[in-house]
Amino acid sequence: MHRPEGDTVSEMAAPRRNEGVAQRSDEEYVLEGIGVSPGIAIGPVYLYARDAYEVEKRRLAEEEVAEELERFERAVARAERDLNKIILVTREKLGEHSADIFEAQLLMLRDEALYGAVRRFIEEKRCNADYAVKVVIDKYRRQLEAGGTEYLRERANDLLDVQERIIRHLRRGKLLSAIDPASIVVAENLTAADVVLFSRRGILGCALDYGGPTSHVSIMARALGVPAVVSMHSVTEHVRTGDLIILDGIRGRVIVNPSGETLEAYRTRQERYQRLLQEDKQLVPLPAETLDGHRVALLANLEFYEELPLLQEYGAEGIGLFRTEILFLVRGSVEISEDTQYEVYRKVVEAVRPGVTTFRVFDLGGDKLLPMAHREHNPFLGWRGIRVLLDRPELLRPQVRAILRAGAHGPVRILLPMVTALSEVRRFRAHLREAADSLRAEGHDLDGEVPVGIMIEVPSVAMQADLFAAEADFFSIGTNDLTQYVLAVDRGNDLVAGLYADLHPAVLMLVDRAVKAGHRQGIPVSLCGELATNPRAIPILVGLGLDELSASPVYLPGIKRIIRAMKRSEGVALARMAMNAASEEAIRENLDHWLDEHACGTAYFLDRAAPSGS
Ligand code: PEP
Ligand code: MG
């Protein structure tokens, strides 16, 4: 993610962002964060506190009873859907009888003694469903607990689960309907699912205390076009529901109590952004080609199935990076059967063809959950990516087989994360051959060879790129990790975020080395790190000769605008300048100048297009 201008080491090194800002003054003040989904929102706050719910009794008017019964019915139906899903996954992972507890809970949901009793309670006492569920189920729980046997106590526990599940669903509906669609949600944190629900209600944006550019919530907000600022540390302490704020997802800031003048300036900025966005979108049918005819392929980074329609909307030519681990981790585990994986991959491939889908095999470890409980002192230097998969073939095999099977429906590539040794590529290829042989023996019709590429994320691999190029079918440069390893700056650590210089000359030199090595071997070289979303980087990356750039779809039209405004030869000169620069600041200055001159008014680069700061 491109960082907003003005982030300095001293600002970023503060132990808690926005700590020194006066709390709840009536004056206008600015809270800083990281802009993770571009756009500008102006509106009232809805302060979302997920666990602040208590079951209270509410008396209903007679005409409200039918609606309340329906609300209860919807919550039970949702709870049923939850449990059915849990039963399926549990059976698959742990065997037929392991799901008995959940099946019992499923039966309880519709048990006349419960379901019927709650309905009668709502009708007779004319009270809200949440209260009825609490009272009725509490009564049965007490009876079971009083029975004294272990068995009955366990059933009482099951009832508690059922009660919480229904109330959670009732509460969700209630919270959702309480949110004014024209508000900006402010919360400590949200899940990806929350963002989906909120965006369906039409919220204007969201500001969070936690989260980073690559956290699920950020990725989802980007995918759904909801402007978002994360990592604000204390935004929830500064605002209350109903306060008017401005959220700037481009600069990564929230303005509390904006003055009339500021509001006016931001309304202009908002209109300008919308106009530029529309202009950018007009480029969707056009190729990403420089003025002197050099083509670069623009592909999409994808994590969620829901993002697929964005490929067409923003003109992606295929998927350059499918982070498969995220897709499955949001469902709770990567230990998913081959058939389930195949179904998902096949749908993706069918939606993307004739474009290619690049499936990166599970990249576990680092900051991503591991399938087995495992603690490390230095997880980013530990059991990560391909290392985990080669040690755990029971995870690798079903995934490789599922990808190969999906490959029968359209073009696919396989990408290996965190490669550090040639032997890893060779061992992976052996697994791939074995999987292909066994599938053919089972009668599957496989389409030719599936290209196997490696992520260039580790400096040693970039240094020895010639060796790796001889054994890989393509390279994909992961600058998010490469930068953290080259500069010794943890990509997720706020305290050193100001040192995370994505345009650092040393990083660019390694990109250059990898591109040249790839081209000497005749293999395509892609770049899929967030560097590709930094407008200042685009002319340099084109100059370095990257064949493909892969980024969240929403950024692709802006990237294209810059490519179409430049000559390849200018890029080559800028790349040379950048690699010889003494610091990242010098590169920034040069590129800002270049972008101003070439009038690259992309929507996402609004600040360059409107230097007045409006
Ligand atoms: C990268 O490291 O640049 C990359 C694309 O992989 P991830 O962000 O998933 O670690
Ligand atoms: Mg990476």
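# Around ligand 1 and beyond

Modeller: Strand E10 (319-323) and helix H19 (479-487) each supply at least two residues of the shell around ligand 1. Please keep in mind that this is a predicted model.

Colleague: Thanks! Which element gives the largest share of the shell around ligand 1?
Modeller: The shell holds 14 residues, with Arg323, Arg360, Gly478, Asn480 and Arg491 as the closest. Both E10 and H19 supply at least two residues each. The largest share is three residues, and the element behind that share is H19.

Colleague: How far is the oxygen atom of ligand 1 from the side-chain N or O atom of Arg491?
Modeller: Let's go through the polar atoms around the ligand. A polar backbone atom of Gly478 is 3.3 Å from an oxygen atom of ligand 1, and for a polar side-chain atom of Asp481 the distance to an oxygen atom of the ligand is 3.0 Å. For the side chain of Arg491, the distance from an N or O atom to a ligand oxygen is 2.8 Å.

Colleague: How much of the area that ligand 1 exposes when taken alone does the protein bury?
Modeller: The space taken by ligand 1 is the second largest cavity. Taken alone, the ligand exposes 290 Å², and the part of this that the protein buries is 99%.

Colleague: Now to strand E12. Which residue of E13 stands opposite Ile414?
Modeller: E12 (residues 412-416) runs parallel to E11 (residues 357-360), with four bridges between them, and there Phe359 has Ile414 as its bridge partner. E12 also runs parallel to E13 (residues 452-456), joined to that strand by three bridges. In E13, the residue opposite Ile414 is Val452.

Colleague: Which residues of E12 point the other way from Val412, Ile414 and Leu416?
Modeller: In a regular strand, side chains alternate between the two faces of the sheet. Five of the five residues in E12 are buried, so being buried, meaning under 20% relative accessible area, does not separate the two sets. Val412, Ile414 and Leu416 point one way, and the residues pointing the other way are Arg413 and Leu415.

Colleague: And strand E1: which residues form its uncovered face?
Modeller: E1 (residues 29-32) pairs with E8 (residues 253-256) in the antiparallel sense over four bridges, and Val30 stands opposite Ile255 in E8. The covered face of E1 is formed by Tyr29 and Leu31, while the uncovered face is formed by Val30 and Glu32.

Colleague: Is Arg405 buried or exposed?
Modeller: Arg405 lies in helix H15 (residues 393-406), and the side chain of Arg405 makes a polar contact of 2.9 Å with the side chain of Asp339. The cut-off for buried is under 20% relative accessible area. Because Arg405 has a relative accessible area of 12%, this residue counts as buried.

Colleague: Which backbone nitrogen does the side chain of Asp248 reach?
Modeller: Asp248 is found in strand E7 and is buried, with a relative accessible area of 0%. At 3.0 Å, the side chain of Asp248 reaches the backbone nitrogen of Arg251.

Colleague: What separates the C-alpha atoms of Val239 and Leu47 in space?
Modeller: Val239 is found in the loop between helix H9 (235-238) and strand E7 (244-248), and at 2% relative accessibility this residue counts as buried. Val239 and Leu47 are 192 residues apart along the chain, yet their C-alpha atoms are separated by 7.6 Å.

Colleague: Is Leu107 buried or exposed?
Modeller: Leu107 sits in helix H3 (residues 100-110). The cut-off for exposed is over 50%. Since the relative accessibility of Leu107 is 65%, this leucine counts as exposed.

Colleague: Any backbone oddities? Which residue is joined to Arg353 by a cis peptide bond?
Modeller: Most peptide bonds are trans. Here, in contrast, omega is about 10° in a cis bond. The loop between helix H13 (338-352) and E11 contains the partner of Arg353 in this bond, Pro354.

Colleague: What is the phi of Asn257, roughly?
Modeller: Most residues other than glycine have a negative phi. His233, in the loop between strand E6 (228-230) and H9, has a positive phi near 70°. Asn257 lies in the loop between E8 and helix H10 (260-281) and is partly exposed, with a relative accessible area of 24%. Although Asn257 is not a glycine, its phi is positive, at about 50°.

How values were computed
Residues numbered from 1 in each chain as written. Chains lettered and ligands numbered in written order. Predicted model: local features only at pLDDT ≥ 70, side-chain atom pairs only at ≥ 80, totals over all residues. Heavy atoms only, no water. Buried < 20%, exposed > 50% of the residue type's maximum accessible area, 1.4 Å probe, protein only. Pairing = 2+ DSSP bridges. Near = heavy atom within 4 Å. Polar contact = N/O pair within 3.5 Å; in protein donor to acceptor, adjacent residues only side chain to side chain. Areas by Shrake-Rupley, 256 points an atom, 1.4 Å probe, with all protein chains shown as cover. 1 Å grid on protein atoms, 1.4 Å probe; cavity = no way out; pocket = protein on both sides within 12 Å on 5 of 7 lines; lining within 4 Å. Sits in = over half its atoms within 2 Å of the grid points.
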